[in-house]
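Could you walk me through this structure in the viewer? I have it open and would like to know what to select next and what is there.

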Amino acid sequence: MSLLKTGVLKTPFCQTKKLARNLLETFPQGEMLVEAYRRDQRVRQLRCYLEVGDIYPAEREAILRDFGAVCMNTQLHGAGIFNLEFVAREIIARGVEGVFVECGTWRGGSLGLWARTFMRNGGDVARCPIFGFPRERVTITKGWFQDTLPLKTEAIGKIAVLRLDGDFSESTKFCLEKLYDQVVSGDTVIIDDYGVFPGCQRAVDEFIAARSCRCGSSTSMSPCTFSSSPEGPRINSKLN
Ligand SMILES: C[S@@+](CC[C@H](N)C(=O)[O-])C[C@H]1O[C@@H](n2cnc3c(N)ncnc32)[C@H](O)[C@@H]1O
């Protein structure tokens with residue numbers, strides 16, 4: 001591991017690729033080591049993030065374990081991960097019924113993390129089925145939102161948590177317009193890319209203004225949460 005670290009970091013980019021290729025040819029387990037190293041780095045980053053927060057060590061370790069299991073399949077970082085933790089606890093505590101819907105799934109890592117988080121916190125999968133987990137309750141739909149969502153909205157029914165992670169303005173706008181009215185009143189919509197992609201932020205701002213929703217986190221935060229309830233969402237993605 002240290003060989004990889006020093007070798008790669010001190011070598012110019014063109015030689016780095018060659019070094020990596022040679023390493024993988026002479027050392028077949030190299031790929032696994034590289035993956036283990038990346039996984040370790042991602043978990044370490046999250047550990048640093050969580051250590052600043054007001055969280056019990058045992059809870060922190062549990063979050064880190066769950067993240068370690070999915071981290072190679074998600075683009076989620078600190079605030080997004082913490083946000084899922086808050087949302088899961090909140091909807092379990094309030095007994096909110098409805099499904100978890102994520103639009104923009106990529107390799108499924110954030111969906112997997114949601115499922116792990118929800119169940120670790122004692123979520124009742126039977127009462128609050130998740131669009132994601134366990135396997136027999138999973139519904140994954142491949143295709144453009146514009147083609148697939150219109151055929152799915154009825155089957156989805158009541159939504160407890162709507163998480164949009166489609167990056168683009170059009171993707172976000174379309175999903176909001178198609179699914180927002182199915183979100184159980186007062187509960188939360190999470191926009192992963194708010195404050196990251198200006199197009200996405202604009203689409204959300206326009207939607208919030210048109211529907212008189214309340215925004216739950218500062219405008220530069222990612223993720224942003226908002227709600228149709230007059231008090232605004234009770235879930236915030238900030239640590240403290
Ligand atoms: C940032 S990735 C999702 C990451 C994932 N939630 C995670 O971190 O585990 C965004 C995904 O949204 C998908 N996407 C964006 N616009 C879409 C659209 N109009 N229809 C279907 N998928 C779309 C992209 O293909 C990509 O897989």
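Here is a tour in several stops, from the whole chain to single residues.

**The whole chain**

Before selecting anything, keep in mind that this is a predicted model. Colour by secondary structure, and you should find nine helices and five strands. Read along the sequence, they follow the pattern α-α-α-α-α-β-α-α-β-α-β-α-β-β. The chain has 240 residues, and 34% of them count as buried. Among contacts with a separation of 6 or more, 69% join residues 24 or more positions apart.

**Strand 1**

Now select residues 99-103, which form strand 1. Is this strand enclosed or open? Five of its five residues are buried, so the rest of the structure largely encloses it. Turn the strand to look at each face: V99, V101 and C103 are on one side, with F100 and E102 on the other, and both faces are covered.

**Strands 2 and 3**

Add residues 159-164, which are strand 2. Strand 2 pairs with strand 1 in the parallel sense, over five bridges. To find one of them, show V101 and its bridge partner L162.

Next add residues 188-191 for strand 3. Strand 3 also pairs with strand 2 in the parallel sense, over three bridges. Here R163 has I190 as its bridge partner. As for the side chains of strand 3, T188 and I190 point one way while V189 and I191 point the other, and all are buried.

**The nonpolar core**

Stay with these strands and bring up the largest nonpolar core, which has 44 residues. Which of its members touch the most others? They are I159, V161, L162 and I191. The largest share of this core comes from helix 5, residues 78-94, with seven residues. As a general background, nonpolar side chains in soluble globular proteins tend to be buried together.

Zoom in on I191 and display what it is in contact with beyond four places in sequence: L164, T172, C200, V204, P223 and C224.

**Helix 6**

Move to residues 109-120, which are helix 6. If you like to check helix geometry, put a distance between the C-alpha atoms at its two ends. At 1.5 Å a residue, its 12 residues should span 16 Å, and the ends are 16 Å apart, so the two values agree.

How many of the residues of helix 6 are buried? Nine of the 12 are, so this helix is largely enclosed by the rest of the structure. The buried ones are S110, L111, G112, L113, W114, A115, R116, T117 and F118. Show helix 4 (57-70), helix 5 and strand 1 as well, since they are among the elements that cover these buried residues. Just after helix 6 comes G122, with a positive phi near 90 degrees.

**Around the ligand**

Select the 16 residues around the ligand, and pick out T74, G104, W106, S110 and S171, which come nearest. Helix 6 and helix 7 (145-156) are the elements that give two or more residues to this shell. By type, the shell holds five nonpolar, nine polar and two charged residues.

**Two residues with positive phi**

Most residues other than glycine have a negative phi, and the next two selections depart from that. W106, already met beside the ligand, has a positive phi near 50 degrees. Find W106 in the loop between strand 1 and helix 6. With 14 C-beta neighbours inside 10 Å, W106 counts as partly exposed.

The other selection is D167, whose phi is positive too, near 65 degrees. D167 is in the loop between strand 2 and helix 8 (169-179). Is D167 buried, partly exposed or exposed? With 17 other C-beta atoms within 10 Å, D167 is partly exposed.

**A last stop at R39**

Finish in helix 3, residues 30-51, by selecting R39. R39 is partly exposed, having 15 other C-beta atoms within 10 Å. Which residues does R39 touch beyond four places in sequence? The answer is G68, C71 and M72. Try a distance from R39 to C71: they are 32 residues apart in sequence, and their C-alpha atoms are 6.6 Å apart.

Notes
Residues are numbered from 1 along each chain as its sequence is written. This is a predicted model: local features need pLDDT of at least 70, side-chain atom pairs count only at pLDDT 80 or more; totals for chains, interfaces and linings use all residues. A residue is near a molecule or strand if its C-beta atom, placed from the backbone, lies within 6 Å of it. Helices (H or I, at least four residues) and strands (E, at least two) are DSSP runs, numbered from the N terminus. Ala, Val, Leu, Ile, Met, Phe, Trp, Tyr, Cys and Pro count as nonpolar, Asp, Glu, Lys and Arg as charged, and the others, Gly among them, as polar. A residue is buried if 20 or more other C-beta atoms lie within 10 Å of its own, exposed if 12 or fewer, and partly exposed in between; C-beta atoms are placed from the backbone. A nonpolar core is a set of buried Ala, Val, Leu, Ile, Met, Phe, Trp, Tyr and Cys residues joined through C-beta atoms within 7 Å. Two residues are in contact if their C-beta atoms, placed from the backbone, lie within 7 Å. Two strands pair if DSSP finds at least two bridges between them. The expected span of a helix is 1.5 Å times one less than its number of residues.
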